[in-house]
Amino acid sequence: MKIIGNIRQALDEKGHITIPEFISEAMYNIHEGYYIKTDPIGKTGDFITAPEISQLFGEMIGVYSADLWIKMGQPKEFNLVELGPGHGTLMDDLLRSTKNVPGFHQACRVHFVEKNKRLIQVQKSKLSKYKIPFNWHQNVYNLPNDLPMIVIANEFFDCLPINQYIKIDNQWFEQAIALNNTEFSFIQIPINLDLSISLDNDHPNAKSWDIIEICYPALEIIQHFAKLFQYIPGSMLIIDYGYDEDPKTRKNYNSTLQAIKDHKFHPIFQDIGRADITAHVDFLALRQSSIINQCLSTKSVTQREFLLNLGIALRAEILKNVSQPTVAKTIQHGLDRLIAPDQMGNLFKAMIIYSKDLSEFLAKG
Ligand code: SAH
C-alpha cells in the first residue's frame with residue numbers, strides 16, 4: 001500500500017493522524033494530492049457532476065445569476081465567482097445562456113477559485129471564446145472584495161476536510177486514524193471539555209456510537225463571505241449533496257465520509273490520493289455560520305425544487321422540440337438525472353446566503 005505525503009510522518013510522530021489531516025494530504029498534498037494532480041471528472045475520471053450531465057444545469061444557474069444581477073440594480077461591474085469550477089462547463093453554459101441579457105456580459109468579471117492546474121488549463125481553453133475577464137485564485141481569501149458579488153459553489157464544499165466526533169457511553173471523542181501493520185483503522189482520541197459540552201448542547205439526541213461531522217474549513221469560508229456581504233451586496237449559491245436537519249428532531253448521526261473511484265464507492269484507505277474522498281455537506285451548519293456573521297440565508301431546498309422553480313422543465317421542452325429524436329431523448333435523460341427524486345433530485349440541496357440588501361428578493365425564495 002502506498003502512503004503518500006506527510007501521512008507516514010504524522011503516524012510515526014503521533015501514532016495516529018486526524019481525519020482532516022488525512023484528507024488534506026490525500027486530496028491536497030502539493031505533489032501527490034488527488035485534487036492537485038488528477039482530472040477527476042467525467043467518463044475517464046471518477047465521478048460525474050450536474051453540469052457534465054446536462055447543459056440545462058448551467059443554463060438554469062445562468063437564469064438565476066442574470067435575475068439576481070437585475071435585482072441588484074444591474075451594477076455596471078460585478079464579480080461572478082465560482083468555487084471549484086471543474087471543467088468550466090457550468091460557467092460555459094451560464095455565459096452562453098446569458099449572452100442576450102443586455103449588459104450582463106459587459107458587467108461581468110469572472111473569478112475562479114481552483115487549486116488544480118490541469119483543470120485550470122481545461123477551464124481556460126473552454127472559456128477563451130468569451131470576451132470577459134477571467135481570473136484564477138488559489139483560495140477564497142485572495143478574491144477581490146471591491147464589487148458586488150455573485151458566488152456559485154457546485155459540489156465544492158463536499159471536497160473540504162471534515163472532523164468526526166463520536167459519542168461512546170456519554171463521552172465524546174474525536175475519530176482519528178491509526179495504522180496497524182498494513183491496516184488502517186479508526187481510533188478514538190480525547191477532546192477538550194469545551195468542545196464536548198458544545199457537542200452535547202448542540203446535539204441533545206445523539207446516542208452512543210453516533211457520529212457528528214464538522215467541516216471547519218467550510219464554516220470559515222462561509223464566515224469570510226458573510227463578513228464580506230456586510231459591506232458589499234452579494235450572495236452565494238451552494239449546491240451539494242448533504243443534509244439539513246434540526247438537531248431537535250434529528251435521528252441519524254452516521255459517518256458520511258466516502259471515497260469514489262471509477263464511478264464506484266471505494267474503501268477510504270485504499271488508493272490514497274487516487275480516489276476522491278468527500279463527505280456530505282451539513283447545510284444547517286453553513287446557514288448558522290452565515291447568520292452568526294450578520295448575513296442572511298434561505299433554507300435549503302432540494303435540487304429538484306430549485307431547478308423546477310427556475311424553469312428547467314420548460315427549457316427542456318423547448319430544447320427537445322428543436323432537436324432530433326435521439327438528442328431529445330438525451331435531453332430528457334439528463335433532466336431526469338438532475339431532478340428525479342431517486343437520482344440527484346432529493347439528495348442534492350441548494351441554499352443561498354446573501355447580504356441584507358437582497359432580502360427583499362431572496363427571502364421570498
Ligand atoms: N463544480 C464543478 C466541479 C466539482 S469537483 C462541477 O460541478 O462540475 C470539485 C472542484 O473543486 C474541482 O474543480 C476541484 O479541483 C476543486 N477543488 C476541490 N477542493 C478545492 C479547494 N480546497 N480549493 C479550490 N478548489 C478546490
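Gln74 is partly exposed in this predicted model, with a relative accessible area of 41%. You'll find Gln74 in the loop that runs between helix H5 (55-71) and strand E2 (78-83). Look at the backbone there: Gln74 isn't a glycine, yet its phi is positive, at about 50°. Most residues other than glycine have a negative phi. Asp169 does a similar thing, with a positive phi near 45° in a residue other than glycine. Asp169 sits in the loop between E6 and strand E7 (171-180). With a relative accessible area of 65%, Asp169 counts as exposed, because the cut-off for that label is over 50%.

Go from the Gln74 loop into strand E2 and you meet Phe78. Is Phe78 buried or exposed? Phe78 is buried, at 0% relative accessibility. Setting aside residues up to four places away in sequence, Phe78 touches Trp69, Phe104, Ala107, Cys108, Arg109, Leu147, Pro148 and Ile150. One of those partners, Cys108, is likewise at 0% relative accessibility and counts as buried. For a sense of distance, try Phe78 and Ile120: they are 42 residues apart in sequence, and their C-alpha atoms are 22 Å apart in space.

While we're on cysteines, how many disulfides does the structure hold? The count is 0. Cys159 is in no disulfide, and the nearest cysteine sulfur belongs to Cys215, 9.7 Å away. A disulfide here needs sulfur atoms within 2.5 Å, so that pair doesn't qualify. Cys159 is buried too, with a relative accessible area of 13%.

Now for the nonpolar interior. In soluble globular proteins, nonpolar side chains tend to be buried together. The largest nonpolar core in this model has 56 residues, and Leu83, Phe157, Phe225 and Met236 are the ones that touch the most other members. Helix H10 (residues 216-228) gives the most to this core, with 6 residues. Phe157 is a good place to zoom in: beyond residues up to four places away in sequence, it touches Ala218, Ile221, Ile222, Met236, Ile238, Asp240, Val281 and Leu286. There is also a second, separate core of 47 residues, and Leu94, Ile150, Ile152 and Met344 are among them.

Leu94 takes us to helix H6 (residues 89-97), which is mostly covered, with 7 of its 9 residues buried. The buried set is Thr89, Leu90, Met91, Asp92, Asp93, Leu94 and Leu95.

Polar residues can be well covered too, and Gln164 is worth a stop. Gln164 is found in strand E6 (residues 163-168). With a relative accessible area of 1%, Gln164 is buried, because anything under 20% falls in that class. What joins the side chains of Gln164 and Glu213? It's a polar contact of 2.8 Å. Apart from residues up to four places away in sequence, the list of residues that Gln164 touches is Ile19, Phe173, Glu174, Gln175, Ile211, Ile212, Glu213, Ser255, Thr256 and Leu257.

Next, the ligand. Which residues come closest to it? Of the 19 residues that surround the ligand, the closest are Tyr28, Thr49, Gly84, Glu114 and Asn154. Three of these come with polar atom pairs you can check in the viewer. A polar side-chain atom of Thr49 lies 2.5 Å from a ligand oxygen. For Glu114, an N or O atom in the side chain is 2.5 Å from an oxygen atom of the ligand. For Asn154, the corresponding distance from a side-chain N or O atom to a ligand oxygen is 2.7 Å. The ligand has 570 Å² of accessible area on its own, and the protein covers 97% of that.

Last stop, Thr38. Where does Thr38 lie? Thr38 is in the loop between helix H3 (34-37) and helix H4 (50-53). A polar atom of the Thr38 side chain lies 2.5 Å from the backbone oxygen of Tyr34. Leaving aside neighbours within four places in sequence, Thr38 is in contact with Asn116 and Arg118.

How values were computed. Residues numbered from 1 in each chain as written. Predicted model: local features only at pLDDT ≥ 70, side-chain atom pairs only at ≥ 80, totals over all residues. Heavy atoms only, no water. Buried < 20%, exposed > 50% of the residue type's maximum accessible area, 1.4 Å probe, protein only. Core = buried A, V, L, I, M, F, W, Y, C linked by side-chain atoms within 4.5 Å. Helix = DSSP H or I, 4+ residues; strand = E, 2+ residues; numbered from the N terminus. Contact = heavy atoms within 4.5 Å. Polar contact = N/O pair within 3.5 Å; in protein donor to acceptor, adjacent residues only side chain to side chain. Near = heavy atom within 4 Å. Areas by Shrake-Rupley, 256 points an atom, 1.4 Å probe, with all protein chains shown as cover.
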